[in-house]
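This report sets out selected structural features for a reader at the bench. It begins with ionic contacts and then turns to strands, aromatic pairs, backbone angles and the surface.

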Amino acid sequence: MQIELLRPWGLVLYPLLFGIFLWIGRSLRTRSRRKKTGYLFLRALILLLIVLAMSGVRIQKESRAVTTIFLIDVSDSMGEHREEAEQFVRDAIAQLPDQNETGIVIFGADAKIEQFVTAQKSFTGIESAALTVATNLEQAIQTAIAMFPEESARRIVLLTDGIQNEGDLTNLAGTFPLEEIEWDYVFYEALSGKEVSVTRLSVPDVIHVGDRFSIQADLYSNTSTSAVVTLYSGRILKGQQSVILQKGNNRLVFWDEGVETGLQQYRITVEASEDTHFANNSYIAFTQIDAKPRLLVVEGENGAGDPFRSILDACGYAYDMVTPSGVPNQISDLISYQSVILLDVYLDDLRKGFLECLEYYVRDYAGGLIAAGGENSFALGNYQNSVLEDILPVSMSLEGEKEIPKMSIVLVIDHSGSMASSYVDSGNSFVTCMDIAKQSAIRALSSLRPTDEIGVFEM
C-alpha cells in the first residue's frame, strides 16, 4: 500500500487547528470527564480527515499481479521459427506465478488476438490467421496495450526477427504510457536470401459501373531486382508491368473500369528474378461494384433544365428530368436517386408529399440536394418557414437588417368582374383569378419585415 499527498503543505494546518480546538474544548460544560475526552477525540478525528482531504491524500494499493502479453511475429520471414516461438510461449506461461495473467497476440501485416487475457495456463498453439506478407509492429503493440487490465502491472514479451516493413513505431511516441510497461524481447535470425513480397493491394471499397479507378500495389524487396507484376480480375488479365524493384518499399499503380455489378476480386502476383520464398508473392483484395447512380433533376419550367442536360450528358451522368408535378412522393422511389437537383422550382408547384420524403431522404439516407436559384425559388419561391429552408444551408430572411433600407411595396389588384368569373386549373381544382391575386398578396405580405411598408390599390 502506498500513500501519496498531492498538497503536503496542508498538514501544517493541523497543529494550529488542533490547538484551537483544545482551547475551545476547555469551555465544554460537562461533569463527565469521559464524555469530554470523547468529544475532543471525535473533533480531532474530524479535523484530521478535513486536513487530509485538503492535502489531497491518495492511497494506492500495490498489485502483485502482472499481466503479460506475448506478441508473436507470424510473418513470412519468421516461417522457420514459428514452432520455436510457440514452444517458448508455452514454457513461459507454465513458469509464471499463479496470480499472473497472460494474453497472446499474433501479427504480420495486421494483428489478431490469439488469446484474451486470462489466468489459465494453457496454450496449445497458434490457431488464428494473420496476413503474413508483411510485419507491422505498430499495430501489434497498439493491440496489446488495449488488452491490459487497468489495475495490474504490465509486461510485453515480443518474439520477432525485427524486420518491420509496415507501420511506424514512432507514431506511438506520446500516445501511450510506454514507460509503465516492462519490455522483454526474443529475437530470431531472419530468413536469409534475397526476398520480394507483396505487402498490400488497395482498391476502392465501392465503385460504380462505368467508373475508372486506380489500384495500388505495394511491394517490398530487400534487394534491387527486375520483376514482372501482374494484375488479375477473377481470371481476366487486367494489366502487367515489367519493373526494376528498388531495395525497400515500392508502389505500382494499375487502372480498371467497373463493368458489372457485384463483388469483384482482384489478385496481384509478382515474379522476381531474385527471390527466395514465393508464398508471399501474391495478394487478393475485393471491391463492390454498384449500379451507376441516377440523378433526379426537377425543372421549374419546361426548358429550364436544358443547360444542365447538356452538362450531365457531357459528364456521362444518368438522370431523370421531371417537372414539379412529376416528382416522386414515396421515399422508396426517392432513395433510388443519388442526388436531387431543383432548378428554380416554386414550392407550391411540387407534388404533395414530396417535401416530407425529401426531408427523410437528406437526413436519414444521406441523399444529396442541389437547389439552383431564380425568379421562382428561395424567398420568392415561398421557401421561408418550409422544409426546404430547414434542409438548405441558407436563410430565406434578409440578414444584416441595419444595412438594408426600409422597403415599400404597392400592390395593384384588378377587382373587375372578369377576375371573379375567370377560372384557372391549379392541378387539383379550379380557382378564380381573384383567389390567385389574394393568395399572391398574402405571400408578398409574409416576406416583409416589421419596418417595411405596404399599400394596396383596387382597380
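## Salt bridges

In this predicted model, the count of salt bridges comes to 11. One of them joins Asp-320 and Arg-294, whose closest N and O atoms are 2.6 Å apart. This contact links distant parts of the chain, since Asp-320 belongs to strand E17 and Arg-294 to strand E16, with the two positions 26 residues apart in numbering. Asp-320 is partly exposed, having a relative accessible area of 24%, and Arg-294 also counts as partly exposed, at 33% relative accessibility.

A salt bridge within a helix is formed by Arg-309 and Asp-306, with an N to O distance of 3.8 Å. Both residues lie in helix H5, three residues apart, which corresponds to about one turn of the helix. The relative accessible area is 30% for Arg-309, which is therefore partly exposed; for Asp-306 the value is 43%, and this residue is likewise partly exposed. Arg-363 and Asp-364 meet in a further salt bridge, at 3.1 Å from N to O. Here Arg-363 counts as exposed because its relative accessibility is 52%, above the 50% limit, whereas Asp-364, at 47%, counts as partly exposed. In addition, Arg-155, Glu-182 and Asp-184 are joined into one network by salt bridges that share partners.

## Strand E16 and its neighbours

Strand E16 covers residues 294-299, and five of its six residues are buried, so the strand is largely enclosed by the rest of the structure. Strand E17 (residues 318-322) runs parallel to E16 and is joined to it by five bridges. Between these two strands the chain passes through helix H5 (residues 306-315), and the resulting β-α-β crossover is right-handed.

E16 also pairs with strand E18 (residues 337-343), again in the parallel sense, over six bridges. Arg-294 takes part in both pairings: its bridge partner in E17 is Ala-318, and its bridge partner in E18 is Tyr-337. The side chain of Arg-294 additionally forms the salt bridge with Asp-320 described above.

## The hairpin of E11 and E12

Strand E11 (residues 225-233) and strand E12 (residues 236-245) pair in the antiparallel sense, with nine bridges between them. Within this pairing, Thr-230 has Gln-240 of E12 as its bridge partner. The hairpin has two residues between the strands, and Gly-234 adopts a positive phi near 65 degrees there.

## Aromatic pairs

The model contains three aromatic pairs. One of these, Phe-213 with Tyr-266, is edge-to-face, with 6.2 Å from centre to centre and 85 degrees between the planes. The two residues come from distant parts of the chain, 53 residues apart: Phe-213 is in strand E10 (residues 212-221) and Tyr-266 is in strand E14 (residues 262-272). Phe-213 is buried, at a relative accessible area of 5%, and Tyr-266 is buried as well, at 1%.

Another pair, Phe-378 with Tyr-383, is tilted; the centres are 5.6 Å apart and the planes form an angle of 50 degrees. Phe-378 is partly exposed, with a relative accessible area of 23%, while Tyr-383 counts as buried at 2%.

## Positive phi in loops

Most residues other than glycine have a negative phi. Asp-344 departs from this pattern, with a positive phi of about 50 degrees although it is not a glycine. Asp-344 lies in the loop between E18 and helix H7 (354-363).

Asn-382, also not a glycine, has a positive phi of about 65 degrees. Asn-382 is located in the loop between strand E19 (368-372) and helix H8 (387-391). With a relative accessibility of 18%, Asn-382 falls under the 20% limit and therefore counts as buried.

## A nonpolar surface patch

Which residues form a nonpolar patch on the surface? They are Phe-41, Leu-42, Leu-45, Ile-46, Leu-48, Leu-49, Ile-50 and Met-54, and together they present about 740 Å² of accessible area. Of these, Ile-46 has its place in helix H2 (residues 33-54). Ile-46 counts as partly exposed, at 44% relative accessibility.

Note on methods:
Residues are numbered from 1 along each chain as its sequence is written. This is a predicted model: local features need pLDDT of at least 70, side-chain atom pairs count only at pLDDT 80 or more; totals for chains, interfaces and linings use all residues. Side-chain values use heavy atoms; hydrogens and water are left out. Patches are made of residues with over 30% relative accessible area and no salt bridge: like charges are joined within 9 Å, nonpolar side chains (Val, Leu, Ile, Met, Phe, Trp, Tyr) within 5 Å. Accessible areas come from the Shrake-Rupley method with a 1.4 Å probe; for residues, only the protein chains shown count as cover. A salt bridge is a side-chain nitrogen of Lys or Arg within 4 Å of a carboxyl oxygen of Asp or Glu. Helices (H or I, at least four residues) and strands (E, at least two) are DSSP runs, numbered from the N terminus. Buried means under 20% relative accessible area, exposed over 50%, partly exposed in between (1.4 Å probe, protein chains only). Two strands pair if DSSP finds at least two bridges between them. A crossover is right-handed if, with the strands pointing away from the viewer, the path from the first strand over the helix to the second runs clockwise. Rings of Phe, Tyr and Trp (its six-membered ring) pair if their centres lie within 6.5 Å; planes under 30 degrees apart count as stacked, over 60 as edge-to-face and the rest as tilted.
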